[in-house]
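Work through the exercises below with the sequence and the model side by side. Try each task before reading its solution.

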Amino acid sequence: MQSESIWLESIPFAGIVEEERRTLQGQIRANLTNKQKKVFDLLCKDKSVREIALDLGERRGYISTLRHRIVQRAKKTIETLNASNGYDYRSNR
C-alpha cells in the first residue's frame with residue numbers, strides 16, 4: 001500500500017496509529033472463522049478478490065461472499081468496541 005505509507009509518514013505518532021491498527025485487526029480476526037481469517041489476512045495485504053481466489057483455489061463468488069461476511073463481522077466488532085468504550089459519538093451528540 002504505497003499511498004498508505006506516504007499518509008503515515010506525514011502524520012505525527014505514526015507508530016501509535018500502526019499499533020492501534022494491528023490491535024484492531026487482531027480483535028476483528030478473533031471473531032472470524034478459519035477460512036475468513038485466511039481471506040482477512042490477504043485482504044489486509046491489499047489483495048483483490050480475484051487474487052485471493054487464485055491463491056486459495058476458490059471461486060471469486062465464494063471469496064466475495066466471505067469478504068462481505070468479514071465486513072459485517074468487522075462492523076459488529078467495532079460497534080461492540082465503541083459501545084464498551086463509550087465511543088459512540090452519534091449517541092453522545
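The exercises concern a predicted model and go from confidence to the core, then to single helices and one residue.

**Exercise 1. Confidence**

Find which element has the lowest mean pLDDT and which has the highest.

Solution. Start with the whole chain: its average pLDDT is 86, and 84% of the residues score at least 70. Then go element by element. Helix 6 (residues 89–92) comes out lowest, with a mean of 54. Helix 4 (residues 49–56) comes out highest, with a mean of 97.

**Exercise 2. The largest nonpolar core**

List the residues of the largest nonpolar core and state which helix gives the most to this core.

Solution. First collect the members. The core has 12 residues: Ile28, Leu32, Val39, Phe40, Leu42, Val49, Ile52, Ala53, Ile63, Leu66, Ile70 and Ala74. Next assign them to elements. Helix 3 (34–44), helix 4 and helix 5 (60–85) supply at least two residues each. Helix 5 contributes the most, with 4 residues. As background, nonpolar side chains in soluble globular proteins tend to be buried together.

**Exercise 3. The buried side of helix 3**

Determine which residues of helix 3 are buried, how they are arranged around the axis, and what covers them.

Solution. Apply the cut-off for burial, under 20% relative accessible area. Gln36, Val39, Phe40 and Leu42 are buried in helix 3. Viewed down the axis of helix 3, the buried residues fall within an arc of 165°, so they line one face of the helix. Their cover includes helix 2 (14–29), helix 4 and helix 5. Finally, look past the helix: Asp46 follows helix 3 and has a positive phi, near 70°.

**Exercise 4. The buried side of helix 4**

Repeat the analysis for helix 4.

Solution. The buried residues of helix 4 are Val49, Ile52 and Ala53. Their arc around the axis is only 100°, which puts them on the same side of helix 4. The spacing follows a general rule: an α-helix has 3.6 residues a turn, so residues three or four places apart point the same way. Helix 3 and helix 5 are among what covers the buried residues of helix 4. Gly57 follows helix 4, with a positive phi near 65°.

**Exercise 5. Gln36**

Is Gln36 buried or exposed, and which residues does Gln36 touch?

Solution. Locate the residue first: Gln36 lies in helix 3. Its relative accessible area is 4%, so Gln36 counts as buried. Leaving out residues up to four places away in sequence, Gln36 touches Leu66, Arg69, Ile70 and Arg73. Of these contacts, Leu66 and Ile70 also appear in the largest nonpolar core.

How values were computed
Residues are numbered from 1 along each chain as its sequence is written. This is a predicted model: local features need pLDDT of at least 70, side-chain atom pairs count only at pLDDT 80 or more; totals for chains, interfaces and linings use all residues. Side-chain values use heavy atoms; hydrogens and water are left out. pLDDT is the predictor's confidence in each residue, from 0 to 100. A nonpolar core is a set of buried Ala, Val, Leu, Ile, Met, Phe, Trp, Tyr and Cys residues joined through side-chain atoms within 4.5 Å. Buried means under 20% relative accessible area, exposed over 50%, partly exposed in between (1.4 Å probe, protein chains only). The arc is that of the directions from the helix axis to the C-beta atoms. Contact means heavy atoms within 4.5 Å.
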